[in-house]
Amino acid sequence: GQERVECYVCFEDKLPSEVSQNRCGHVFCNDCWALHLAETIGDGTLHPPCMDTTCKVAVSERMIRTLAPASALDKFQRFSLAQMIEEHGLLKKCRTP
């Protein structure tokens, strides 16, 4: 059979296709990543941290776009746009759609 990888959050053995590695090298299952991203982005965090409690590396935008649930991804995109507008000196948010 195919080699399995243990997720150190849920402690389940997963197939390599069921896990993702953050740019820091930490690997967790896609289900745990999705829950983590939904929680942290839902709380207003634009740069969710790795799930390893000793790690300070943010989850990559590619991983967020791939693994975050649709509602969290929508919030992430809105937060990202708002931050870009705030940081850009000449842009202002349109008050009327």
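## Working through a predicted chain

Phe11 sits in the loop that links strand S1 (5-6) to strand S2 (13-14). The model is a predicted one, so let's treat these exercises as a guided read of that prediction.

**Exercise 1. Work out what is unusual about the backbone at Phe11, and decide whether Phe11 is buried or exposed.**

Start with the backbone. Phi of Phe11 is near 60°, which is a positive value in a residue other than glycine. Most residues other than glycine have a negative phi. Next, the surface: Phe11 has 54% relative accessibility, and the cut-off for exposed is over 50%. Phe11 therefore counts as exposed.

**Exercise 2. Lay out the secondary structure from the N terminus on.**

Count first: the protein chain has 3 helices and 4 strands. Then put them in order, and you get β-β-β-β-α-α-α from the N terminus on. Some of these elements come up again below: strand S3 covers residues 19-21, helix H1 covers residues 30-42, and helix H2 covers 61-67.

**Exercise 3. Describe the overall dimensions of the chain and how much of it is buried.**

Step one is the radius of gyration. The protein chain comes out at 16 Å, whereas a compact globule of 97 residues would be near 13 Å. Step two, look along the principal axes: the C-alpha trace spans about 55 × 25 × 20 Å. Step three, check burial: 32% of the 97 residues are buried. The exposed area of the protein chain is about 6800 Å², and carbon and sulfur atoms supply 53% of that. Finally, contacts: among those with a separation of 6 or more, 39% are between residues 24 or more positions apart.

**Exercise 4. Find how far apart the mean positions of the positive and negative charges are.**

Tally the charges: the protein chain carries 11 positive and 13 negative ones. Take the mean position of each set, and the two means are 11 Å apart.

**Exercise 5. Find the aromatic pair and say what geometry it has.**

The count comes to 1 aromatic pair. The partners are Phe28 and Trp33, with ring centres 5.4 Å apart and planes at 80°. Angles over 60 degrees count as edge-to-face, so that is the label for Phe28 and Trp33. Both residues are buried.

**Exercise 6. Map the surroundings of Trp33.**

Place it first: Trp33 lies in helix H1. With a relative accessible area of 0%, Trp33 is buried. Now list what Trp33 touches, skipping residues up to four places away in sequence: Ser20, Asn22, His26, Phe28, Cys50, Met51, Val59, Met63 and Leu67. Take Cys50 from that list: Trp33 and Cys50 are 17 residues apart in sequence, and their C-alpha atoms are 9.0 Å apart in space.

**Exercise 7. Do a similar job for Val19 and His36.**

Val19 is in strand S3 and counts as buried, at 15% relative accessibility. Leaving out residues up to four places away, Val19 touches Val5, Lys14, Val27, Phe28, Cys29 and Asn30. For a distance check, Val19 and Cys32 are 13 residues apart in sequence and 9.1 Å apart C-alpha to C-alpha.

His36 is in helix H1. The relative accessibility of His36 is 14%, so His36 counts as buried. Beyond neighbours within four places in sequence, His36 is in contact with Pro48, Pro49, Cys50 and Met51.

**Exercise 8. Locate Asp52 and name what Asp52 touches.**

Asp52 is in the loop between H1 and helix H2. Not counting residues up to four places away, Asp52 touches His26 and Phe28. Now look further along the chain: Asp52 and Ile85 are 33 residues apart, and their C-alpha atoms are separated by 31 Å.

Conventions:
Residues are numbered from 1 along each chain as its sequence is written. This is a predicted model: local features need pLDDT of at least 70, side-chain atom pairs count only at pLDDT 80 or more; totals for chains, interfaces and linings use all residues. Side-chain values use heavy atoms; hydrogens and water are left out. Helices (H or I, at least four residues) and strands (E, at least two) are DSSP runs, numbered from the N terminus. The radius of gyration is taken over C-alpha atoms; the globule rule is 2.2 Å times the number of residues to the power 0.38. Buried means under 20% relative accessible area, exposed over 50%, partly exposed in between (1.4 Å probe, protein chains only). Contact means heavy atoms within 4.5 Å. Accessible areas come from the Shrake-Rupley method with a 1.4 Å probe; for residues, only the protein chains shown count as cover. Lys and Arg count as positive and Asp and Glu as negative; His and the chain ends are not counted. The place of a charge is taken as NZ of Lys, CZ of Arg, CG of Asp or CD of Glu. Rings of Phe, Tyr and Trp (its six-membered ring) pair if their centres lie within 6.5 Å; planes under 30 degrees apart count as stacked, over 60 as edge-to-face and the rest as tilted.
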